[in-house]
Amino acid sequence: MPSFPPPGGVTVCEINRDLVVADSLSEDRAKEAYGDVLGMVFSPIPFQPDDLLTKNEAPAPDDAEPESVPRASLVSTVAESLKQMLFPSCDPKLLEEFDTQKVSWNPHKHCLAFVSGKDQVTVHDFEDSDSKESCILTSEHQKEVKAIEWRPNSGKMIAVGCKGGICLWSASYPGNVPSVKSGVTSSSFGAFPRGVTGQWILVDVLRGSSTELVSALCWKPDGRYLASASCNGQSFTIWDVSQGLGTPIRRGLSSISLVRWSPSGDYFLTAKFDGTFHLWETNTWTSEPWSSSNGYVTGANWDPEGRVALLSFSNSTTLGSVHFSSKPPSLDAHLLPVELPEISSLIVSRGIEKLAWDASGERLAVSFKDGNETYHGLLAVYDVRRSPLVSVSLVGFIRGPGEGVKPLAFAFHNKFKQGPLLSVCWSSGWCSTYPLILRSH
């Protein structure tokens, strides 16, 4: 039977398909449940959820003052109107339904970053046993943060997608001071917690259009290239970060909602707000377009080998799995359904909101729209089998701290050796981490 957390309880971890529940947030209960097994405890991190919940509310129509348009600007006004017809900007509230990568684990360390406010990112190092405080990254260049991702194979560097471009932050220690690109102000930094020597430095800003809102980021697995896209842009961009140079990949791709590089780097996935998505091979950047009758893609992840992509859709409780039938660079693939019967029958949901697939391929986390009173705000955890087709079975549900809470964003640690490790930002203002401990580990 799937594990169900009783009302008022708080999920602590999974132990071999059993989701352990405590009466309240408790470090002692976590130590008892998994501390001896892992040798550490992941304490919840507080943040201000109001900044995330209200930042995208559009102003009331009555608040806007009418503006007179000078005759000289009529040409640019017509051009802008034509641009909006061809490349419509995204609805900010619609953007919140997508997995815009607001939580990210450093692939080589126990260091977690998440969007904790309109213009800020919180970084917490669980390996630092002397301090329980987090570091806050803020800068005048960093406004309206939408996406973050740690750079692979780089120690501690993180990319932050925001309005007008991408901020690149790097940790600075005695003996390891990163170089700062010209034009980046020295006032942009994040102090380490008290007692820790060092600071975070904004080392570069990859600039796009001043009106562009970078809402999707993805590093190539080797860390050399960074892909970015904007919900109100007309292309996605591949950045050579060491050179600070970006190459737009156009093909008329407007309003891209997400980008995902495969673990091997051979394939690349882009999805749009209009319900279409593209599969690319990255040798010549050739693509094949796909479309769905089940709404737009709200989330996507690759399997460990990069041969299967798992997708969720806005108007469906069924996932889609894209299976490649030949080796790269072939784009021959099949889209097959992956049923989640509990979402529609048990939970009575209208569709999948977000998903995260553990890098080992063993666990899948899914948030869903609405749901009846019993299941509203819970996070579903599935066991995944690939033999060779993808199939799932429900392990149970995670309940966050507080009453009436819901998951805002979540992600797995891709390189945690002891098994799947899931972090969730809850609307109650806690970012909680859940070890999913399996016998195989």
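**View A. Strand β1 beside strand β31.** In this predicted model, β1 and β31 pair up in the parallel sense, with two bridges between them. On the β31 side, the stretch covers residues 430-437. Look for I15: its bridge partner in β31 is I437.

**View B. Strand β1 with strand β2.** Here β1 meets β2, residues 18-22, and the two run antiparallel. Five bridges join β1 to β2. One pair to pick out is T11 and V21, with V21 sitting in β2 as the bridge partner of T11.

**View C. The turn between β1 and β2.** Zoom in on the link and you'll find a hairpin: β1 and β2 have two residues between them. Have a look at N16 in that turn, where phi is positive, at about 50 degrees.

**View D. How covered is β1?** Is β1 mostly covered or not? Of the six residues in β1, which spans residues 10-15, five are buried, so "mostly covered" is the fair description. As a bit of background, side chains in a regular strand alternate between the two faces of the sheet.

**View E. Stepping back to the whole protein.** The protein has 441 residues, and 54% of them are buried. Its helices number five, and its strands 31. Take the contacts between residues at least 6 apart in sequence: 53% of these join residues at least 24 apart. As for the outside, the accessible surface comes to about 19600 Å², and carbon and sulfur atoms account for 50% of that.

Conventions:
Residues are numbered from 1 along each chain as its sequence is written. This is a predicted model: local features need pLDDT of at least 70, side-chain atom pairs count only at pLDDT 80 or more; totals for chains, interfaces and linings use all residues. Side-chain values use heavy atoms; hydrogens and water are left out. Helices (H or I, at least four residues) and strands (E, at least two) are DSSP runs, numbered from the N terminus. Buried means under 20% relative accessible area, exposed over 50%, partly exposed in between (1.4 Å probe, protein chains only). Contact means heavy atoms within 4.5 Å. Accessible areas come from the Shrake-Rupley method with a 1.4 Å probe; for residues, only the protein chains shown count as cover. Two strands pair if DSSP finds at least two bridges between them.
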